[in-house]
Amino acid sequence: MVDKHQMNSIITDAEKSHSIEKILQKKKDMIKLSLSACVHCSICADSCFMFNSNKKDPTYTPAYKVINSIGKIYKKKGKLSDAEYEKIKILIWDKCVLCMRCYCPIGLSIPSLIACARNICREKGIYRTYDPAGESEQ
Amino acid sequence: MNFAFTDFYAFLRGPGFVISVLVFAAGFIYRSAVMIRATRKIRKQSFNLENYKWNGHVQTKGPLFHRIIFIFKNKIRNTIFGTNPVIGIISLIFHILLFITPVFLSAHNIIADLTIGLSLPALPEQLTDIFTILLLSMGGFFLSRRIFIPRVRIISTSRDYMILLFVMAPFFSGFLAYHQFFNYRAVIFTHMVIGEIAIMIIPFTSLAHMPFILFSRFYIDSEHNITAGRRTW
């Protein structure tokens, strides 16, 4: 069981933050370019089956998922609190299945950005858990 | 006052415009360089692509017209024209008008002819006037979409409203100047200053989608490419 105090700590292990920085550095140009070129038109929403099958909930918009996952991570250089990472986890795993069917009229690669956010989360030790009962035992 | 007016006007007409175009070109080149740095060459495939080609979805029989329609429908199925044709057509017309209205405007071409002796063919004034009204109404449509549709509102920031303002302001001031509403001098100055700022900020704001789209549709490989791309993310 993870200590509650530890959960809310914003200080990450040196190794973890180093590997996160490494990923961010490697993908910096793509992330920066994509975030600045996105015109927030939300046309990508129409091509997202998760958006269409969840009563058109705006938080399922692919652009929203990108801006609030990798966008936030990039702006704060990976130094987010665990609570914020948990929110990101919901966005990039529960609200996106990475089916790669999203269509961006400008041609941004939304799946690449979400995959990058997933990579960073995995480095942080946050990933998709399929068995809630098993999780509580840890 | 008169001297200052002509001085400033001459600056905006000549060096001011050149500076704005140079800033735009520099930004365009910088963005392109970043785009090339961000992508990598596609690795050579070790398998023969021909073996994996599946032509089952392509209609090969029937009249040519039907086949063309079929291919076209398949091509656009998952794009903006397939999922939301109204927005697709409106934004397509918006972007075409955004380009042709200022470039083929007779007043702009007269200035170009007087300054450097070269000009492009000009559209009739009544037509460009209609285009401007259309552009302004489409700008209003985009603004209302941003305000009233939840999925657009949730990702909108002040930056998006500013960009829309910067895109629409030169057309609005140009419209006022053409019809000589209000103080002509003040309006034409505003028109020229905002227009030149708008040209300069293109590569540095979300208007960077203008150079970006050239790369993403022709150069970086993806499903919706127009030509086969050579690079990938």
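What follows is a short dialogue on reading a predicted model with chains A and B.

Me: Let's start simple. How many helices and strands does chain A have?

Reply: Remember that this is a predicted model. Chain A has seven helices and zero strands, so reading from the N terminus you get α-α-α-α-α-α-α, by the rule that numbers elements from that end.

Me: And what pattern does chain B follow along the sequence?

Reply: Chain B brings in some strand: ten helices and two strands. Its order is α-β-α-α-α-α-α-α-α-α-α-β.

Me: What share of each chain is buried?

Reply: The general idea is to count C-beta neighbours: 20 or more others within 10 Å makes a residue buried. Of the 138 residues in chain A, 42% pass as buried. For chain B, with its 233 residues, the figure is 19%.

Me: How much of the contact in each chain is between residues 24 or more positions apart?

Reply: Look at the contacts with a separation of 6 or more. In chain A, residues 24 or more positions apart make up 71% of those contacts. In chain B they make up 53%.

Me: Now helix packing. How do I describe two packed helices?

Reply: You describe two packed helices by the angle between their axes and the distance between the axes. Try helix α4 (residues 62-75) of chain A against α6(A): the axes come within 9 Å and cross at roughly 40°. An angle under 35 degrees would have been roughly parallel, so these two helices, α4(A) and α6(A), are oblique to each other. The crossing of α4(A) past α6(A) is left-handed.

Me: Which residues of α4(A) and α6(A) make the contact?

Reply: From α4(A) come Pro62(A), Lys65(A), Val66(A), Ser69(A), Ile70(A) and Ile73(A), and from α6(A) come Ile110(A), Leu113(A), Ile114(A), Cys116(A), Ala117(A) and Ile120(A). By class, that contact has ten nonpolar residues, one polar and one charged.

Me: Can I have a second pair, in chain B? At what angle do α4(B) and α6(B) cross?

Reply: Helix α4 (residues 85-103) of chain B and helix α6 (residues 125-148) of chain B have axes that come within 10 Å and cross at roughly 135°. It takes an angle over 145 to be roughly antiparallel, so α4(B) and α6(B) are oblique to each other. This crossing is left-handed too, as α4(B) passes α6(B). On the α4(B) side, Ile90(B), Phe94(B), Leu97(B), Leu98(B) and Thr101(B) take part, meeting residues of α6(B) that include Phe131(B), Leu135(B), Met138(B) and Phe141(B). The classes here are nine nonpolar, three polar and no charged residues.

Me: Which residues touch the most other members of the largest nonpolar core?

Reply: Think of a core as buried nonpolar residues linked by contacts. The largest one has 52 residues, and Cys44(A), Ile70(A), Ile110(A), Leu113(A) and Ala117(A) touch the most other members. Elements giving two or more residues to this core are α2 (14-37), α4, α5 and α6 of chain A, along with α1, α9 (184-201) and α10 of chain B. Take Ala117(A) as a sample: beyond its neighbours within four places in sequence, Ala117(A) contacts Ser69(A), Ile70(A), Ile73(A), Ile88(A) and Ile92(A).

Me: What about the interface? How many residues of chain B are in contact with chain A?

Reply: There are 27 residues of chain B in contact with 26 residues of chain A. Helices α1 (2-38), α3 (80-83), α7 (150-153) and α10 (209-218) of chain B each give two or more residues to this side. The largest share, five residues, is from α10(B). Sorted by class, the chain B side has 13 nonpolar, ten polar and four charged residues.

Me: One charged residue caught my eye. Is Arg31(B) buried or exposed?

Reply: Arg31(B), in helix α1 of chain B, is buried because it has 21 C-beta neighbours inside 10 Å. Leaving out residues up to four places away in sequence, Arg31(B) touches Pro203(B), Ala208(B) and Pro211(B).

Me: Last one: where do I find positive phi values outside glycine?

Reply: Look at Leu98(A), with phi near 55°, and Met100(A), with phi near 65°. Leu98(A) sits in the loop between α5 (82-94) and α6 (110-123) of chain A, and Met100(A) is in the loop between α5 and α6 of chain A. Leu98(A) is partly exposed, with 13 other C-beta atoms within 10 Å, while Met100(A) counts as exposed, with 12 C-beta neighbours inside 10 Å.

Notes:
Residues are numbered from 1 along each chain as its sequence is written. Chains are lettered from A and ligands numbered from 1 in the order in which they are written. This is a predicted model: local features need pLDDT of at least 70, side-chain atom pairs count only at pLDDT 80 or more; totals for chains, interfaces and linings use all residues. Helices (H or I, at least four residues) and strands (E, at least two) are DSSP runs, numbered from the N terminus. Two residues are in contact if their C-beta atoms, placed from the backbone, lie within 7 Å. Axes are lines fitted to C-alpha atoms, for helices over the stretch in contact, and angles run from 0 to 180 degrees between N-to-C directions. Angles under 35 degrees count as roughly parallel, over 145 as roughly antiparallel, 65 to 115 as roughly perpendicular and the rest as oblique. A crossing is left-handed if the near helix is turned anticlockwise from the far one by less than a right angle, and right-handed if clockwise. Ala, Val, Leu, Ile, Met, Phe, Trp, Tyr, Cys and Pro count as nonpolar, Asp, Glu, Lys and Arg as charged, and the others, Gly among them, as polar. A nonpolar core is a set of buried Ala, Val, Leu, Ile, Met, Phe, Trp, Tyr and Cys residues joined through C-beta atoms within 7 Å.
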